[in-house]
Structures are given as C-alpha cells and as structure tokens.
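Welcome, and thanks for opening the viewer. Keep a selection panel at hand, and we will walk through the structure one stop at a time.

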Amino acid sequence: MSLVVLSFSLCANDYELGHGYKVNDSLHIGGYFSTDYTFTNNNNQFELDDVAILAYGNLTPQFSYFFELEAAPFYTKNFSENLSQTNTKFHYERVYLDYSHSEILNVRVGKQITPIGYWNLEPINVLRDTSSNPLYSFKMFPKLLTGIDLYGYLDDKNTLNYHLFVQKNNDLDEDYINIKNDSFIGLTLNYEWDEYLDFGTSLGQYKTKETDDTVNFIQLNARFNVYPWLIQTEFAYNDIDNTLTNDTSYQLSGYVQGKYDITQKHALISRYEYYKDSKFDTTNQIAIFGYSYRPQYSISIKAEYQIHSESTHDKAILSFSVLF
Amino acid sequence: MLKTILIILILTSISVDASKYAIVVNKHSDITTLTAKQVKDIFLLKRHFIHDTRMIPVNTSSTNILRKTFEHEILKINRDRLNQYWIKKHFHGISPPLTQSSDTSMKLFIKKVHGSIGYLPISKIDKDLKVVYEF
C-alpha cells in the first residue's frame, strides 16, 4: 500500500515548460515548433517550420518507447511572390523501442536519430544555437536510421561509449528523410576526456536509392565546453562510387562553431562552414554571425547573418522556437 | 595556553571537515561504496547499472536545502544549467529522477524499492540504510 502511495506521489508532477507533461511513468508527452523569417536580396519568406508532438515512457524497467510525429514545413508564406503553402501531413520522425540490458549493451530498434556527432543529435531549432543548420548536417549522411542500434559504454568509468548501427531496409517514412537509402551501417565512438572536453569519430557505409551511390564515410567531432565558451567542430569525408556509371567522386564538409554566453540568457555565436562536392565541382564556404536570446531555456529567439562565398546567397534569418 | 589553542584548532578543523550528508542505498544492496562520479552519473541518468543492479535515483523536492547542497557538491551544476540539461534530455525521451517530498518518504522509498539510491543528512540514517558515499 505504501508503495502505491509513493508511486502516486511521484507522478503528481507540476507541468514546467520545456520538460513535457508526465501523465505517469509510462506516458510522458511534449512537443515543439519553430518559426523563421528569411531575408535575401530578392526574397522574403516566413515559415512555420517544425511542428511536432512526442510521447515516451517506460513499459517495464528494461523496456521503454519513443514516438514522434512531425510536419515540416507546416506553413510557408513567400512575400516576394505572394505565395503561401500549407503542409499538414505529419510524418514519422522517430518510432523506437529501447531495451536496457547493462552499461555495456543496450538495444534500440525502429526509426531513430542516427547517432553521429553533436549536431545530428540535437537537430531542432530550439536546442540549436543558430537558426540555420550547417550543410554538413544534411549533406553527408542519413539523419535518421530505420534499423537497430547497439550501444553502451566500453569502460568502467563510462567515458568511452559506442554505437553500432545497421539498416537493411527502406526508411519507415521515405518522404521524410534527407538521403533515401536501403542499406546503412556504421560505428561511432565517443570519448569524454573530462567534463570540459570530448571527441569522437564515426565510420560506415550507406547506399542511396535515388542515385545508386555506395558511400563510404568517415566523420570526426570535438567539443570544448568551459563556461562561458562552447567551441565545437565536426567534419566528414565521403568516398562515393556510383554502381551504374562506375564514376567515383568525393564530398568533404564540416564546420567550426563558437558560442560565448554573455549571460545565461544572451549569447553570441559565429560559425564557419565548408562544403566541397567533386562530382559537381562545387565548393561553398559560409561565415555566420548570430545572436541568441532565451528568456527561458525552452524558448529561443535567434538572429543570424550569413555571408556566402557566392554573395548572391547571403541572407539574414530571424527565428522563434519553443519546446513544450 | 598554547595547548588549549591547539585543541580548539584541531576540534574546529574536525567539525569543518566532517561530512554532513550521505548517499544511501538499501541495506540489502550489494553495493558497498561509490565514487563521486558514479553518483553524479547515476543522478544525471548517464549510468543505469552498478554491477547487476539497476539504479533508481531519487531526489528530494527542488526547494529542499539538501537538494541544493547535493547539486552543488556532487553534480557540480547550477540550477539553470541543470534545467538546460533536462530540457535536452526531454527531447531524447528521458525525464529527471523521481522526487520524494521529505526525508521520511525518501527513507521509506529506499527501504522498499530495490536499486533505489538517495541522499540524507547523516543524522537521519538508520540501520535499514547503507551509506555508500559521504559529502
């Protein structure tokens, strides 16, 4: 009886913005949305971008689940051409089951975020420090995986963690992935040197469905975090073989980003991005200067200006996003 | 006189260094001692097991002075940064540890639930609990 009373008291949590609403141990609900306004030389556009709801919880002490539906872009208004578009179709962003066996071995099955680097793991506007995503984050590997991920720690101190992931099927929702593929395998290692510095690497292979490319990739990431500074960098190299034409090419992309917290609520950000694709003989470089204001952490208001190597692509972006 | 001053100094230093609080588990647990990092990782839900025991961390209420001391001494994160941490975890489907409203309910929970771990003033620890770390 006392346990029942204890359990009930544990579930009676008050709602707090950014933390979701805990109905009980088996159901926790939340969501997020973001809006942005983009100014370019000849175009102004408003977007209600991500609109998402999520639910998760524990089924047993060993098993837990996660479910997320998302529509993006939900609404777009182009002021220069006076056009608007609404997209209310929700897609499966994440649907997976977790099995927790030990510190060394855990299993995740279903559609999930690909466990590579930093940016890909916190991809939504409200958690990012800039409104925009670097080219690296959506050009170099599939952001989502519909398959199995084995993960855990390889040492007693929980400083070296691994992910070994495999996909041998189509994506659960092919309309909603950056690179359509039916084969994806990879290994990720991350090492926490101390509370201020961590770094990692990933390598693997995926096969694209639309272009019949076999892509072998290697990725590196490092992060240095001593308040008020946060400096992080990620780079990836793709070696590409086309199975139809036997052509070979490569992609190289990455970024270095620095953030300085003026106070807990105000921050300045700058980022340098590089992207090269030998197949199309294109090279892009982008410098970004931004400002972030968070009246509370789950509410993000950001402004940034992008300077592109091709000056016609220069733009400014304002965004407002909330996690609830 | 010098001897008296020395005794006072020694007693003062002892009282300053003495631990006031402890991390506790059920007395039947096979855990004997933990490091500060292990405790931190358990309460940040980065570590879920000690040996074969699945750990269930339990916090006191957020306004409790003991909770604030624990966050300062063990987690070494201020409340704003901790709030950021749990908001990011919410996006990944992880919610903060359970909360108990009083020392009495904390003790009762740890006594009843295998694998649970919490913190209490040393003066309130009884024979049904085992100390695995002091701070």
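Start by selecting chain A and thinking about how its contacts span the sequence. Among its contacts between residues at least 6 apart in sequence, 50% join residues at least 24 apart. Bear in mind throughout that you are looking at a predicted model.

**Stop 1: chain A as a whole**

Color chain A by secondary structure and you will find two helices and 19 strands. Along the principal axes, its C-alpha atoms fill a box of roughly 70 × 45 × 40 Å. The radius of gyration of chain A is 21 Å, which agrees with a compact globule of 324 residues, because such a globule would have a value near 20 Å. Of those 324 residues, 33% count as buried.

Now switch to coloring by confidence. Chain A averages a pLDDT of 93, and 96% of the residues score at least 70. Then select residues 1–12 of chain A, where the pLDDT is below 50; this stretch has twelve contacts in the model beyond near neighbours in sequence.

**Stop 2: the last hairpins on this tour of chain A**

Select residues 282–296 of chain A, which form β17, together with residues 299–308, which form β18. These two strands pair in the antiparallel sense over nine bridges, and a hairpin of two residues joins β17(A) to β18(A). To see the register, show S292(A) and look across to K302(A) in β18(A), which stands opposite.

Next, extend the selection to β19 of chain A, residues 315–323. How many bridges join β18(A) to β19(A)? There are eight, and the strands run antiparallel. The hairpin that leads from β18(A) to β19(A) passes through six residues. For a marker pair here, pick A303(A) and its bridge partner in β19(A), L318(A).

**Stop 3: the sheet of chain B**

Move over to chain B and display its strands. You will see an open sheet of five strands with mixed pairing, in the order β5-β4-β6-β1-β7. Which strands lie at the edges? They are β5 and β7 of chain B, each of which pairs on one side only. From one strand to the next, the twist averages 35°.

Zoom in on β4(B) and β5(B), which run parallel and are joined by three bridges. In this pair, T60(B) has Q100(B) of β5(B) as its bridge partner. Now add α5(B), which packs on the sheet and touches β1, β4, β5, β6 and β7 of chain B. The direction of α5(B) makes about 145° with that of β6(B).

**Stop 4: helix α2 of chain B**

Select α2(B) and show its buried residues: Q38(B), V39(B), D41(B), I42(B) and F43(B). Their cover includes β1, β2, β4, α3, β6 and β7 of chain B. Just after the helix, stop at L45(B), which takes a positive phi of about 60°.

**Stop 5: where the chains meet**

Finally, display both chains together. The contact takes 26 residues from chain A and 24 residues from chain B. On the chain B side, the elements that give two or more residues are α2 (36–43), α4 (79–91), β5 (98–100) and α5 (103–112). Which of them gives the largest share? Select α4(B), which provides eight residues. Coloring the chain B side by residue type gives seven nonpolar, nine polar and eight charged residues.

Conventions. Residues are numbered from 1 along each chain as its sequence is written. Chains are lettered from A and ligands numbered from 1 in the order in which they are written. This is a predicted model: local features need pLDDT of at least 70, side-chain atom pairs count only at pLDDT 80 or more; totals for chains, interfaces and linings use all residues. Two residues are in contact if their C-beta atoms, placed from the backbone, lie within 7 Å. Helices (H or I, at least four residues) and strands (E, at least two) are DSSP runs, numbered from the N terminus. Ala, Val, Leu, Ile, Met, Phe, Trp, Tyr, Cys and Pro count as nonpolar, Asp, Glu, Lys and Arg as charged, and the others, Gly among them, as polar. A residue is buried if 20 or more other C-beta atoms lie within 10 Å of its own, exposed if 12 or fewer, and partly exposed in between; C-beta atoms are placed from the backbone. Two strands pair if DSSP finds at least two bridges between them. Axes are lines fitted to C-alpha atoms, for helices over the stretch in contact, and angles run from 0 to 180 degrees between N-to-C directions. pLDDT is the predictor's confidence in each residue, from 0 to 100. The radius of gyration is taken over C-alpha atoms; the globule rule is 2.2 Å times the number of residues to the power 0.38.
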